Amino acid sequence: MEILYSPPPEIHVTTVKFHSPILLEWIPRFTALSFTAILLFSLTSAAAAVEISYSAHCNDFVRDPPLLPNPNPPITSPRFLSLRRAHVDYSVNDGNKDVSSIPRSLSFFSQKAFKTQKDAVFKIEAILSINRVGYFRNSTRRGLRLVHFRPPRIPMTSGDLRNSLSFSLGGFWDSVSGKLCMIGTGFGKLSSNHVVLKLDYLNSSSIFSSLVNGTLESLDVNSGSGFDLKSVSILGVNLRNYRYELIDKESEINGFSLLDDMANVSLGVEYSGERVCRYIISAGIAELEYQNDCNSVNCNFLGRGNGNFTPSVMNFNKIECLEDGRVRFLLAFGDFGRNGYQLNFEPNVTLVSEGRWDGKKRRLNMVACRIFSDWDEGFVGECLIRLSLRFPSTWTLRNRSSVVGELWSSRSVNEAGYFGRVAFSSTKNKNIRAAGLGYEYLEIENTKRSCANKTMQKGEGGKYPNALSSDMRFDMLVTNKKATDLWGYSSPLFVDSRLYQLSTIFGEEADFSWQEKQNLSVINVSYVLSLASSHDFKLSSEHMQIKSFEISAEGTYDSERGHLCMTGCMYVDVTPKKIRWGNSSSSMDCEILVDIQYPPVNARNVNPVKGTIESTRDKSDSLYFESFEILSRSIYSGQAKESIWRMDLEITMVLISSTLSCIFLGLQLLHVKRHADVLPSISVIMLIVLTLGHLIPLLLNFEALFISRNTVNFYFDSDGWLEVNEVLVRIITMVAFLLEFRLLQLAWSARSSDDGSQKNNLWACDKKVLYLSLPMYIGGGLIAWFVHLSRKSYRSPLLRNRRFGYKQQSFWGDLKSYAGLILDGFLVPQILFNLFFGSKDKALAPPFYVGTTFVRLLPHAYDLYRSRSSSWSFNYIYADPKLDYYSTTWDVIISVGGVIFVVLIYLQQRYGGRCLLLKRFWQRFAYEKVSAASPDE
């Protein structure tokens, strides 16, 4: 059966979340453009497709037998044949090739597998993806309290799908010989690239045959498509039918008995397998500590092939974890310090291992083997390494490793290949805690003495966060003279002897009665503070450059004053290549004081969490660093609930206000229909101002296509409710615009159809209104610009950090606020027109000018209420300062001005347009009018 493979007909689609308002607005255009694009793509693909012959490239590897007759249901499990994060070597055609475009790992997943007429041969359809260097996605942070433990997310360089090259492949796999050969083409820009994949993938394996070797060859190198590597060598791990052999043999001879005495200080795991793996993986990077015997013997446990490289960190990359406690890991080693979170699969510095959880001894025992690799293939050998790890049952300030263990040689000191013992321990405080974990406060007395002077400072009074509540954790911005943009989070680990529970964050109430039963106001607490930056920095001239660091702290929290004072410890790097020898505490700096003041939870004004991180060393000490200032705008849980209630209220008010605007416009149209003679007396300038007030927001909705809408979505897992209301508001805004445009059209037509002398007079009056109001509007805009420049020049450095949640309003935002002020005074052109024309016509229906003014003033009344009930707000839906001027002063001025304008319109329509002037000015206007009309008579 000959396979002729052409580019895949389907298009690789990235899931995109459409916003309903945009979708409604762009459906007609999008449909037409999509149809045209798909048609052109199909024609182009059909013209460019080049069929690939399977037999020409693969028959010497795996022949292509015919499929079984139907029914022949496919096997759709992606684990049928797969590779995860396989290592790749490559031959680069361009010697000056940018390193960011070179592949670093490869993934392969079967989609369908069909049986053929030849036993043990399967027809495979699969997807292969090559990942490049530096593939990061943008990430943002919430303004609320953290809802789970995790390191701070650091904004990285924007990444997109161009950093992952994908191919659609088809071919055959012989499960007896393990030979796999596939041909295919890439997606999108890679549709002109044709590749051949060949793998040796055995149906079953042991640790010695667990590696998968292969190649990916490009048949037509095309640098313009983004894939210009002629040949890629692949080395991965077999995931099918693994046989555990070495660990069983080693357990039978009791090869891990050296650590039997550690069971009493270790945690057990109720259910093994996946749970053990989760604990291990959550620990992240583990640091290596070379024991004292490494001074006299070789400690190069990686063996030959890696030069003189001595790793300092280790990472556990899971291969598989079974429910019976058997596990497989790739143990990756490197020298990334504490800035790395995962190490890539590099064969010469990676061990492949198999192990089993020992429930009685409360540890994971493993046998590890070295990987030897060159360009042709990789293989496993020298399984001389034994490794055992456990989960400590008690943490302290200096020892908070969730995973600790040792690796050693199975040979004796006098045998070739022996190496000294190496301990390892995790350094990150991750989110998974094993049941039964305890904490011992060993430094608490020293901490109390250090904090004695600081605890004398009382807080502002009021109620402060409960020690077990989610209000104790917060995001923070940290600055000093050397680092101005550190940010991260702070979270309790233990409150007295109680583990700080995640359940208190996910909707379940904490047992706050515990603290009352203990009658405690000052409570022992332990914390973790994790800080990071988007670039390298130094804590001092003696420290190495780092991107992040973590402080372990313990101390006391005074719940009556909201004061937290702690002693902190952190690992320090002061040498270019940090290799730890002997006692692990030698690389730890514990002369750090952390002082934090929480604001009251019941304060009307929401104040930030403030604090300091200080080094208690002398300034002459090499490990001394400048004090850091802590500032957090994270909100309390009660404030979060209040904000959600406020947003629901504001959504309702927006809908009500928009609907009322349409109703009042409808009443005005009904008024002019009954009294058509008053249409010419309506100021065209006023109608233009109102119409533009609704037209411009509708036209500017295209911003949503380019600007992220995450600002509102910070509060919700699903923003569907907001989007549904946004659709309704925009529809109602469109209706209001159409009604206003209809009113403008009627007024314009009424004036144009009037052939009398009054026509010129009406237009002349509106010209006077324009000549008077336009300079006034322009002058106000210039004042707004000057005010914006003055505010910008006096901004605080902390407020310049947009990632922390602060955002200085742009000039465009100030301009929109000024436009809102113009709309608040929409009656000004009508007042001026009545003044110039002197008409007594009731041109505006009272429900229209009173009701529309009410709609414009209601947000200012609400803003006065909002500012006195709660000063916290992260985002506004109703009474948005981006759309108008909102403050106590502006609210009062605009409200009073709006009422005055309504009263003036009422007086003008009752007593005449010039009733506001003194009587002699009335007579002067009347005289000028008669004089201008006498020549025509």
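Where is Pro 71 found? Pro 71 is in the loop between helix H2 (54-58) and strand E3 (82-92). What makes this spot worth a look is the peptide bond leading into the proline: from Asn 70 to Pro 71 the bond is cis, with omega near 0 degrees. As background, most peptide bonds are trans, and most residues other than glycine have a negative phi.

Keep in mind while you browse that this is a predicted model.

## How far to trust it

The protein averages a pLDDT of 77, and 73% of the residues score at least 70. Going element by element, E14 has the highest mean pLDDT, at 94, while helix H10 (residues 710-713) has the lowest, at 40.

Two stretches deserve a bit of caution. Over residues 503-510 the pLDDT stays under 50, yet the model has 13 contacts for them beyond four places in sequence. Residues 929-937 also stay under 50, and for these the model has zero contacts beyond four places in sequence. Where pLDDT is low, the predicted coordinates should not be read in detail.

## Backbone oddities

Besides the cis bond, there are a couple of unusual phi values. Arg 85 is not a glycine, but has a positive phi of about 50 degrees. This arginine is found in strand E3. How much of Arg 85 can be reached from outside? Its relative accessible area is 36%, so Arg 85 is partly exposed.

Glu 382 is another non-glycine residue with a positive phi of about 50 degrees. You'll find Glu 382 in strand E16 (residues 378-390), and at 26% relative accessibility it counts as partly exposed.

## Salt bridges

How many salt bridges does the structure hold? The count is 22. The general idea is simple: side chains of opposite charge can pair when their charged atoms come close. Here are three of the pairs.

| Pair | N to O distance | Separation in sequence |
|---|---|---|
| Asp 248 and Arg 356 | 2.9 Å | 108 residues |
| Arg 421 and Glu 406 | 2.5 Å | 15 residues |
| Glu 650 and Arg 866 | 2.8 Å | 216 residues |

Take Asp 248 and Arg 356, whose side chains meet in a salt bridge. The pair links distant parts of the chain, with Asp 248 in helix H3 (residues 246-252) and Arg 356 in strand E14 (residues 350-358). Asp 248 is partly exposed, with a relative accessible area of 25%, and Arg 356 counts as partly exposed too, at 28%.

In the bridge between Arg 421 and Glu 406, the arginine sits in the loop between strand E18 (404-409) and strand E19 (422-426), while Glu 406 is in strand E18 itself. Arg 421 counts as partly exposed, at 22% relative accessibility.

Glu 650 and Arg 866 form a bridge between two helices: Glu 650 is in helix H8 (residues 637-674) and Arg 866 in helix H15 (residues 846-869). Are these two residues buried or exposed? Glu 650 has a relative accessible area of 0%, so it is buried. Arg 866 is buried as well, with 5%.

There is also a network of salt bridges, which links Asp 589, Glu 591, Arg 617 and Asp 621.

## A helix pair

Helix H14 (residues 828-837) packs with helix H16 (residues 888-911) at an angle of about 30 degrees, and their axes are 10 Å apart. Angles under 35 degrees count as roughly parallel, so that is how H14 and H16 run relative to each other. The crossing in which H14 passes H16 is left-handed.

Which residues meet there? From H14 come Val 828, Gln 830, Ile 831, Asn 834 and Leu 835, and they meet Phe 901, Leu 904, Ile 905 and Gln 908 in H16.

## Around Ser 110

One last stop is Ser 110, whose place is in strand E4 (residues 103-115). With a relative accessible area of 2%, Ser 110 is buried; the cut-off for buried is under 20%. What does Ser 110 touch, leaving aside its neighbours within four places in sequence? Its contacts are Ser 77, Pro 78, Phe 80, Leu 81, Ile 124, Glu 125 and Ala 126. Ser 110 and Ser 82 are 28 residues apart in sequence, but 6.3 Å apart in space, C-alpha to C-alpha.

Terms used
Residues are numbered from 1 along each chain as its sequence is written. This is a predicted model: local features need pLDDT of at least 70, side-chain atom pairs count only at pLDDT 80 or more; totals for chains, interfaces and linings use all residues. Side-chain values use heavy atoms; hydrogens and water are left out. A salt bridge is a side-chain nitrogen of Lys or Arg within 4 Å of a carboxyl oxygen of Asp or Glu. Helices (H or I, at least four residues) and strands (E, at least two) are DSSP runs, numbered from the N terminus. Buried means under 20% relative accessible area, exposed over 50%, partly exposed in between (1.4 Å probe, protein chains only). pLDDT is the predictor's confidence in each residue, from 0 to 100. Contact means heavy atoms within 4.5 Å. Axes are lines fitted to C-alpha atoms, for helices over the stretch in contact, and angles run from 0 to 180 degrees between N-to-C directions. Angles under 35 degrees count as roughly parallel, over 145 as roughly antiparallel, 65 to 115 as roughly perpendicular and the rest as oblique. A crossing is left-handed if the near helix is turned anticlockwise from the far one by less than a right angle, and right-handed if clockwise.
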